[in-house]
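Colleague: Could you take one part of this model and walk me through it slowly, as you would for someone in their first year? I would like to see how two neighbouring pieces are arranged and which residues bring them together.

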Amino acid sequence: MTSPNHSLTYPRDSIAWLKCLIGLDTVSRHSNLALIQQIQAYCESLGLAPVLTFNEDNSKANLFVTVGAGNDAQQPIINGGIVLSGHTDVVPVDGQDWESDPFEAVIRGDKLYGRGACDMKGFIACALNLLPKAVALSKQGVLAKPLHLALSFDEEVGCLGAPLMLEELKERGISPDYCIVGEPSSMKMVIAHKGISVFRCSVHGKSAHSSLTPQGVNAISYAARLIGFIDDLAEQLAKNGPTDGAFDVPFSTLSVGTIEGGTATNIVPNLCQFTFDYRNLPMMGTHDILPAIEQKISELNQQMQQVDSQSGIQLEQLESVPAMTDSDSAALQQLIVGLVGAAARHKVAYATEGGQFTNAGIPTVICGPGSIEQAHKANEFVALDQLTKCDMFLDKLLLSLQGK
């Protein structure tokens with residue numbers, strides 16, 4: 001641990017921390033360094049030594065910090081233990097009708113409003129409030145397992161930060177036993193989620209006057225044929241593909257999200273682009289859909305190139321976030337059952353960084369304050385009693401890390 005810095009004061013409870021975090025605009029298109037640097041200073045004031053990993057232009061950073069275990073202050077145990085994981089970025093507020101400043105926390109009734117209140121600065125606030133308690137126990141030498149805090153950047157735009165942090169942990173030889181991702185789950189245990197892959201199709205045709213259509217290659221028309229094929233494939237996944245009834249949507253899905261093309265009604269369009277996403281059950285992957293799509297693209301390319309050899313369709317993968325599985329998390333699940341007082345296990349369609357932790361060999365569950373139904377919306381909020389429940393949950397978790 002580093003020498004404490006007592007020159008600064010920091011929030012004293014989870015609500016105060018959440019108000020502070022909401023006041024720092026960390027929309028994904030902006031830097032998160034103001035938030036990270038404040039938390040870094042806070043950790044250092046507690047005698048901790050946070051490690052930062054940066055993106056390519058050093059405009060964003062992850063933070064990983066460990067409260068060591070054991071009774072040897074000179075050589076604390078930093079391996080094993082439990083990670084509390086959260087992303088620092090939030091989604092934009094553009095075009096949303098907020099009743100108050102989204103970057104100034106407001107309490108109305110029994111709810112706290114602000115961008116990131118539930119997704120997911122509420123959990124981070126509770127975790128930061130826990131740190132001094134963990135440090136106190138560490139100094140007493142009563143922690144048998146370390147507590148880690150992992151804060152990432154750019155989760156909302158493809159889970160870009162966590163892989164850098166996980167690679168850094170691997171290089172340092174740190175292998176936590178378990179991870180809890182504090183995404184909003186109403187403090188219920190989520191044991192698995194789907195993966196997500198995002199693709200862009202660029203259909204390159206040949207322009208012509210619309211009165212001379214045989215001389216052109218209509219990019220929009222060929223895009224429509226491919227979209228129709230993708231929709232048919234989605235229907236096959238729903239009807240005949242593998243299913244898991246524990247998921248809110250029990251099958252893998254394909255969905256076309258955006259499309260753009262054409263310049264005028266009387267011009268055969270030479271370019272059309274569209275995007276689609278694939279949300280796969282944990283037992284499935286892109287290998288279950290890509291060969292069929294690529295085969296269809298090959299067929300369409302042959303037809304297009306009979307008119308113009310330069311025309312064709314390009315498929316590009318933009319995002320890939322792995323599914324979170326429950327195959328190795330039985331022991332962690334049993335621990336969480338005791339902490340939340342409920343045995344129910346849930347599986348969800350949305351993706352998180354949990355899949356990246358499970359891929360790194362760290363069994364993971366999701367459990368955090370607030371409802372996913374409030375995420376990304378205007379007037380996002382977290383109920384105050386959810387923060388209380390999260391504080392109690394983390395206190396019990398810290399108790400479980402103490403020696404017998």
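**A close look at one helix pair**

Modeller: In this predicted model, among the contacts between residues at least 6 apart in sequence, 81% join residues that are at least 24 apart. With that in mind, we can turn to helix H2, which covers residues 33–45, and helix H3, which covers residues 121–140, whose axes lie 11 Å apart and meet at an angle of about 20°. Because angles under 35 degrees count as roughly parallel, H2 is described as roughly parallel to H3. The crossing of these two helices, H2 and H3, is left-handed.

Looking at the residues themselves, H2 contributes Leu35, Ile39, Tyr42 and Cys43, and these meet Lys121, Leu128, Leu131 and Pro132 of H3. Sorted by kind, the residues of this contact between H2 and H3 comprise seven nonpolar ones, one charged one and no polar ones. The charged one is Lys121 of H3, while the H2 side is made up of Leu35, Ile39, Tyr42 and Cys43.

To place this pair in its setting, the protein has nine helices and 17 strands, and its C-alpha trace spans about 80 × 40 × 40 Å along the principal axes. Of its 404 residues, 51% count as buried, and the protein exposes about 17800 Å², of which carbon and sulfur atoms supply 49%.

How values were computed:
Residues numbered from 1 in each chain as written. Predicted model: local features only at pLDDT ≥ 70, side-chain atom pairs only at ≥ 80, totals over all residues. Heavy atoms only, no water. Axes fitted to C-alpha atoms, helices over the stretch in contact; angles between N-to-C directions. Helix = DSSP H or I, 4+ residues; strand = E, 2+ residues; numbered from the N terminus. Parallel < 35°, antiparallel > 145°, perpendicular 65-115°, else oblique. Left-handed = near helix turned anticlockwise from the far one by under 90°. Contact = heavy atoms within 4.5 Å. Buried < 20%, exposed > 50% of the residue type's maximum accessible area, 1.4 Å probe, protein only. Areas by Shrake-Rupley, 256 points an atom, 1.4 Å probe, with all protein chains shown as cover.
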